[in-house]
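Trainee: I would like to request a close look at a single part of this model. Please take the surroundings step by step once that part has been described.

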Amino acid sequence: MGLVTSERRDAAAVITYANPPLGTMTAAGAEEMFQAVQAAVENDEIRCLVLTGGVPGIFVRHYDVGELTVLGERLAQAPAAAPQTDAQPQRPAGGFLGLTDLIAAAPKPVIAAINGLCMGGGFELSLACDIRIAGKDVTAIGLPETRVGIFPGGGGTQRLPRVIGEARALEMILRGRVVSGPAALEIGLVHEVADDPLARALEIAEEFAARPAEGVAYAKRLTRAALDRPLSEGLADERRSFSEVVRLPSAIEAMKVSLAGAPLGTREPS
């Protein structure tokens, strides 16, 4: 039996990770999830991806420390690697690092329905997602890696400061702090808390199902890139991209429907 299952819920793909009993992420599990996410991204009928945990009380506990120990021992015996000189490093083709990059770059919204423990690699997985919904009863969200002599190596040191700012990120990462779901909301680690994070994620997914996919894809790409380049470059890309999207039949039709209905702002997404 695999560690990952994928289920269609209308126009959403619910991808569930389960590695009982501990719910830790492994190399095999990351590769399975990579394949599931890639399949959903390539399916034009899927408009939104939802990631969640399949072990009761666990989203993804953390990355398997046993596997990391073996990796460390193997690297300790290997010759030192030459420093990378490429100006544009190649994205990993698979595995956990490839999985997080795939999620962040996907042209579709990806929602993390955090339904339990979410630490280390599990939280780094959620950081790659566009929206994070935590359960009200979740007890531990964060990056505790410094407690075991390492640091977050799956994107945590780079993505967390972009989410909550450098000062808070430094404090959390250096101290290895974890917080509850409600506390995570207070400091901006997650966007919402809910009694049933999966149900809430699927409600939000319905919004994306009703909107032209191209506009959402462009919006995600541009917003994701905003902090990685000069403002002038980003604005130029935004203006060029807007002229590409506004002429699309899907955009023209959606704007005409809006004109015939209630004005924008009359009914906001809940």
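Is Ile114 buried or exposed, and what is its relative accessible area?

Mentor: In this predicted model, Ile114 is buried, with a relative accessible area of 0%. The cut-off for a buried residue is under 20% relative accessible area, and the value for Ile114 is 0%. Ile114 is located in strand S5, which spans residues 110-114.

The strand itself comes next. Five of the five residues of S5 are buried, so the strand is largely enclosed by the rest of the structure. In a regular strand, side chains alternate between the two faces of the sheet. In S5, Ile114 points one way together with Val110 and Ala112, while Ile111 and Ala113 point the other way, and all of them are buried.

S5 has pairing partners that can be named. Strand S3 (residues 48-53) runs parallel to S5 and is joined to it by four bridges. Within this pair, Ala113 of S5 has Thr52 opposite. Strand S7 (residues 131-135) also pairs with S5 in the parallel sense, again over four bridges. There, Arg132 of S7 is the residue that stands opposite Ala112.

The contacts of Ile114 can now be set against this background. Leaving out residues up to four places away in sequence, Ile114 touches Phe59, Ser126, Arg132, Ile133, Ala134, Gly135, Val138, Ile141, Val190 and Pro197. Among these, Arg132, Ile133, Ala134 and Gly135 fall within the range of S7, residues 131-135. One further relation spans a long stretch of chain: the C-alpha atoms of Ile114 and Leu198 are separated by 7.8 Å, although the two residues are 84 residues apart along the chain.

Other contacts of Ile114 lead to a second sheet. Phe59 is one of the residues that Ile114 touches, and strand S4 covers residues 58-60. S4 belongs to an open sheet of four strands with the order S4-S6-S8-S9 and mixed pairing. Strand S4 and strand S9 (178-179) stand at the edges of this sheet, each with a single partner strand, so one side of each is left without a neighbour in the sheet. S4 is joined to strand S6 (residues 117-119) by two bridges, and these two strands run parallel. Ile58 has Leu117 as its bridge partner in S6.

Ser126 and Ile141, also touched by Ile114, extend the picture. Position 126 lies within helix H4 (residues 121-128), and position 141 within strand S8 (141-142). H4 lies across S4, S6 and S8, and runs at about 85° to S6.

S4 also has a link to another buried residue. Thr24 is in contact with Val60, as well as with Tyr17, Asn19, Arg61, His62 and Asp64, leaving aside neighbours within four places in sequence. Thr24 is buried, with a relative accessible area of 7%, and is placed in the loop between strand S2 (12-17) and helix H1 (27-42). That loop also holds Pro21, and the peptide bond from Pro20 to Pro21 is cis, with omega near 5°.

For contrast with Ile114, consider Leu71 in helix H2 (residues 65-77). Leu71 counts as partly exposed at 32% relative accessibility. Together with Leu68, Leu75, Val148 and Ile150, Leu71 makes a nonpolar surface patch of about 410 Å².

Methods. Residues are numbered from 1 along each chain as its sequence is written. This is a predicted model: local features need pLDDT of at least 70, side-chain atom pairs count only at pLDDT 80 or more; totals for chains, interfaces and linings use all residues. Side-chain values use heavy atoms; hydrogens and water are left out. Two strands pair if DSSP finds at least two bridges between them. Contact means heavy atoms within 4.5 Å. Axes are lines fitted to C-alpha atoms, for helices over the stretch in contact, and angles run from 0 to 180 degrees between N-to-C directions. Patches are made of residues with over 30% relative accessible area and no salt bridge: like charges are joined within 9 Å, nonpolar side chains (Val, Leu, Ile, Met, Phe, Trp, Tyr) within 5 Å. Accessible areas come from the Shrake-Rupley method with a 1.4 Å probe; for residues, only the protein chains shown count as cover. A salt bridge is a side-chain nitrogen of Lys or Arg within 4 Å of a carboxyl oxygen of Asp or Glu. Buried means under 20% relative accessible area, exposed over 50%, partly exposed in between (1.4 Å probe, protein chains only).
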